[in-house]
Every structure is written in structure tokens, then in C-alpha cells.
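Visitor: I'm new to this structure and would like a close look at a single part of it. Could you pick one helix and walk me through it, then show me what lies around it?

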Amino acid sequence: MALDFGILIQVLFWGLYAGCIYILLATGLNLIFGVMKIVNFAHGELLMLGAYITATVFVLSGFNPYVLIPFTMFVLGLIGIGVERLCFRPILGTGKLNEIFLSLGLIYIFQNGVALIWGDDRQVLNSPYQTISVPIGDIQLPLDYIIIILVTALILVGLYVLLRRTDLGRALRATSQNRKGAMIVGINVERMDMISFGIGSGLAAAAGTLWVVSGQVFNPYMGSLPAIKAFAIIILGGLGSIPGAIVGGLIYGIAENGAAYFLGGIWKDSISFLILIVVLIFRPTGLFGEEGE
Amino acid sequence: MRVEKAVLYRYLTAIALGISVLLPLLAGMSFYILNVAIIMLTLILFSSAWNFLAYSGQASLGHAAFFGIGAYVSTLIARATGFPPFGTILFGGLVAAFIGLLLGLTCVRLKEWFLAMVTFGFAVILQVVIASSLAPTTGGWDGIGSPRLLPAEIPGYLAYEYYAVLAITVVSILCIHLILRSRVGLAFAAIRENELEARASGVQPVRYKLLAFTVSSFFAGVAGALEIHHISFISPEIFHAELSFWPVIYCIFGGLGTIIGPILGTVILTVVWEGLKGFGLTYARFVIIGVMLILVVIFLPRGLVSLPEEIRKWKSVRKAPLGPDKGSDR
């Protein structure tokens, strides 16, 4: 097989775009993990819900779907806070297995609740820009994908500013570094739990919106696999490390699309787990993970 | 009159066994009930196998892998050689156990989510391998037919099949029970509670963890082979995440780390599941199961098995107004 340079660029670009969705999911998961030390395996269901809410509002109102991102993020942020208050707070500190079990319950509720409301058919949304593509050299890059990459970058910069430059961000980081210490200096850690869960859910909602806008099919079951991969990413990049999540997300996006192109589409999902297993055999705590976590 | 706990358990076991032996008669040889009961028995075995692994502190989220391996190996051998499925089930279990040992070797250093992710990923990868690379032998996504446990020509074959599955399940659970009650079970519990202390008192965690993985995979493989020989069809769908989640849900529901838990959980959830189907619910029954699961995790962390105890505790708190408040017994 002759390696065409143009195709390589295309695969990289696709990977970058797919990586964006993983990065948003993984960053959210990581933020929640950092503050609360729990993992929500049902994180992908929030992405799915975000996708459905955006699609519904788009069909009803006809707004540009990109404009809807803040709205969907806000709605999902509220839902996320509700989930945290009702489900995760009662089991905080009762053992790591309980989180997995609780998430399983949430997965069932969200998936089938959505299927009850919207039906479980596969749906597609048409973005207003889907016919436009930007030529770079002799490669055509769809405009939507470029916007998605820019939007993701914008959200990440926003998150960076929030975490580094505001009091709230400092409180969040303090809670994630040392919960007891944060309590001592007067931070309301339970409020931080809620906020981190809300922000994480909002990021998942943004990922869901971008998923829909890019013209990929969506159905109630779309969220589980991306979420589990996002979790694989944060294991790969180190639990609690947001730069690790970004690097891991990019690696996964590119590896998946490379595998789909070179090995066949069926390998797309399994390559990420293959990477994970190989990494964990040699480094049981992840690439950048600390001992004892 | 206060009955001794052990005696009570013995009576309850006897009653449960009696009901399961008489079930075909009680159900009037109903095709539907027998079908549900057979599937339920295989799932009981499957969740007991999962529970066995969890007993050693390792929670797998990809046990469908071993369920599927057992089913595929047994089916392929039975098809290729014409052996009766009763013999090939054993090979299915053995191959599953061997692969479980290999996966266990990679998982021995991993904990909690790390382990959950690797096992989950293993099932995903296996599905792809079976559906694509091994498609010439496994039939790919289309799946292949699997020989029935008993030929359907025998009159009342379903009842015989039921008894066969019942016998295998009971014997397997008895084995699991005996292992967990022995020194090995104690070692598992020690590792689960504190690996470092276990090692300090002379228990070798690696050896016991591998043993748990191997035995658990064996029984999961047997369960898979039984179910597939009953359904008489197999496709890579068997590796679906859903099937990995069911044993987890059953065990939590019934009570993790007990022999009776997985059985109780499977029976109750199957009855609820089929009952809700009777009401014509489709998606809503998943939602109901999800809500039940969350309620159990939050309010009954040790599963339904602990319900009588919890009620007693609650009552005694109510009786004695000056007694310990709810927060102090944590």
C-alpha cells in the first residue's frame, strides 16, 4: 500500500476532530475525579443527553447549533448537579466499587429514559455548514470540523482561565489537592463537588453538541463507549491530570482513525483498549500516574 | 421461638431446591416458564462465577468475554466432532479458564477501575477478533447454529434440559461454596480486605488472585456454553457489554460476597424483569431496574441479603428513643 501523504494528513485531521470529543469528555471526568475522587461511568450518557437536547432545540427553534452550546452546557450542568446531589453524594467514601455499580444504574436510567422520550432510532442532524469545505493544498477539510476543533480549544482555554485565574478555580484546585486542607481554610468542599460535577457535565454536553453538529448519527446508546474510552484516556494520561487528558485524547483520536484506515473500521473501537492494556501491563498506574493511586 | 441461623438457612436451601426440582410440574410444563427458568439458571451460575472473582477483591466488567469463550469453544467443538454438548461444555469451561488465567496474569497488579477497564476492553477486543479475524470459523457477525443440549425430538425435552442445567448449576455452586468456605476463601477475603496485611501473614496474593480468575472464568465459560446450547445459536453479540453488566447487577442486588446473593438477585430481578415485560413495558423496565439498582447501592449496600438485618436494626432504633442514633453505627 503506497502511503499517500494527503491521506495521512486527512487521517490526522480526522483524529484531531475525534480527539476533541474525547478530550472534552476526559477533561470533565478528570475534573470530577480530581475534586471528588470518584468516577462516573455514566458520563457518556450526559454526552448523549446533550446531543438530544441540542438536536431538539435546533429542530424546534432553528438556531445555529453552535450557538446552542452554552445553553446545552447550562442545562446539562444543572442535570449533573442533580445527579451529584441525589446519587453520588450519598455513596461518597463508601468504596470504589459502589461508584461503578451506581453508574451502571444511571446508564440504564438515562439510555432508556431518552429512548422512552425520543425513541431509539438512529438520527442525523444537518449542520448549516455541512456543504462547505476549506481547501488546504489539494485536501478538502470540512468547515464543521475546523469549527469543532476551534470550539474545543476555546472551551479548554476557558477552563484553564477558570481554574487558574479565578477564586473559584483556586478553591476547586485546592479541594482536589487536599480535601481536608481545603475544609480547614474554609472552602465548602461539598459545594466544590457540585460545581465540579456541573462543569464536567457541561463539558460532556459540549462534546455531545459537537458530535451532533458534525453530522454523526446519534442514538440513546451512543454514549457508553466514548465514556469508557474517555476513562481509558484518563487512566492512560494519569488520573487527575488535565494535560494528560488532552494528550491522551489526541493520541486516541488519531490512533483510532489510523486503525480504522489501515486495519479496517471494525478495529476502531478495540485499538484504544489494546493501547490501554499494553500500557497497563508495563505501567500499572498509567503513563503519568502516581504510585499508590 | 428462635431458630438457629444455620438451621434456618438449611431449611431455606431445602425449600429452594424442592421448588426448583418441582418447577416443571408446578409450571405445568409451560414452554415459556421453562425457557425463562433455564436462562435464569445459567445466569445464576454466571453471576456466581462473577461473585467468586469479586470475593477476591477483583471486580471484572468484561465477564461476558469468558461467557462467550466458553460458548464459542463448546459450540465449535461440538459442531466439528459431533460430541454431545454435555462433554464439550467442559472443554468450553477449560479454555475459558485458560484464557482467564492469561488475562489474570496481566491484571494481577491492577486494581478497581484499572482492572474494570482492562476486562471491559478485553471483551470488546475479543468481540472484534471473533467477528472479523476468526470469521471463517465463527461465522462472523451472522453467527452460527449451536447443537442443542438435548435433541428436540424427545417428548418433554425441555424439562429434561431444565433438570440437566439445574444439576450442573447446583453442583457448580456447591463447588464455589466449598472453595469459598475453605482456607482458599479465607485467603481471598484477606486479600480483598488488605493485600499488604495478607502478604504479611503469609498469603501469596498473586497465586490466589490467579486462582480466582481461573476458577471464575471456568464457571463463566460453563454458564455461557449451557445458555448457548439451550438457545442453539451464537453470534459475537454475546460479548456485548450488557452481558458483562448483568452479573454485576445481580450480585449487588442480592448481596456481594455471599453465596446466596447472586442467586437471590438473579431470581428476583428475572421475575421483576419478566413481570414488567408482562405489563408491556420495554424501555421503562430498564429505567425501573436502574432506579432499583441505585436505591440498593445507596440504602442497602450489602444487598437484599442484609434486608432482615437492616429492618431489625431500624426497629431497635425506633423502639429505644435514647438508643444510638443513625450516625453512630457507621
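Guide: Here is a walk that starts at one helix of chain A and then moves outward to the rest. Keep in mind that this is a predicted model, with values computed from it.

Let's begin with helix H8 of chain A, which covers residues 189–213. How long should a helix of 25 residues be, and how far apart are its end C-alpha atoms? At 1.5 Å a residue, H8(A) should span 36 Å, and its end C-alpha atoms are 36 Å apart, so the two agree. Now, is H8(A) mostly covered or mostly open? Mostly covered: 22 of its 25 residues are buried. For a residue to count as buried here, 20 or more other C-beta atoms have to lie within 10 Å of its own. After the helix comes A:Gly215, which has a positive phi, near 85°.

One of the partners of H8(A) is helix H1 of chain A, residues 5–36. Two packed helices are described by the angle between their axes and the distance between the axes. For this pair, the axes come within 8 Å and cross at roughly 170°. Angles over 145 degrees count as roughly antiparallel, so that is what H1(A) and H8(A) are to each other. Where the two helices touch, the residues sort into 18 nonpolar, five polar and one charged.

Step back, and you can place this pair in the whole chain. Chain A has 11 helices and two strands. Reading along the sequence, you pass four helices, then both strands, then the other seven helices, in the pattern α-α-α-α-β-β-α-α-α-α-α-α-α. Of the 293 residues in chain A, 52% are buried. Among its contacts with a separation of 6 or more, 75% link residues 24 or more positions apart. Is the chain's radius of gyration what a compact globule would give? A compact globule of 293 residues would have one near 19 Å, and chain A has 19 Å, so the two agree. Its C-alpha atoms fill a box of roughly 60 × 50 × 35 Å along the principal axes.

Chain A also has a neighbour: 37 of its residues are in contact with 34 residues of chain B. On the chain A side, the elements giving two or more residues are helices H3 (68–91), H4 (96–118), H9 (224–237) and H11 (268–282). H4(A) gives the largest share, 16 residues. This side of chain A is made up of 27 nonpolar, eight polar and two charged residues.

Over in chain B, there are 14 helices and two strands. Its C-alpha trace spans about 70 × 50 × 40 Å along the principal axes, and 46% of its 330 residues count as buried. Here too there is a helix pair to look at: H2(B), residues 31–55, and H10(B), residues 205–231, have axes that come within 8 Å and cross at roughly 170°. H2(B) and H10(B) are therefore roughly antiparallel. Their meeting residues include B:Phe46 and B:Trp50 from H2(B), and B:Phe219 and B:Leu226 from H10(B). That contact divides into 16 nonpolar, four polar and one charged.

Technical notes:
Residues are numbered from 1 along each chain as its sequence is written. Chains are lettered from A and ligands numbered from 1 in the order in which they are written. This is a predicted model: local features need pLDDT of at least 70, side-chain atom pairs count only at pLDDT 80 or more; totals for chains, interfaces and linings use all residues. The radius of gyration is taken over C-alpha atoms; the globule rule is 2.2 Å times the number of residues to the power 0.38. A residue is buried if 20 or more other C-beta atoms lie within 10 Å of its own, exposed if 12 or fewer, and partly exposed in between; C-beta atoms are placed from the backbone. Two residues are in contact if their C-beta atoms, placed from the backbone, lie within 7 Å. Ala, Val, Leu, Ile, Met, Phe, Trp, Tyr, Cys and Pro count as nonpolar, Asp, Glu, Lys and Arg as charged, and the others, Gly among them, as polar. Axes are lines fitted to C-alpha atoms, for helices over the stretch in contact, and angles run from 0 to 180 degrees between N-to-C directions. Angles under 35 degrees count as roughly parallel, over 145 as roughly antiparallel, 65 to 115 as roughly perpendicular and the rest as oblique. The expected span of a helix is 1.5 Å times one less than its number of residues.
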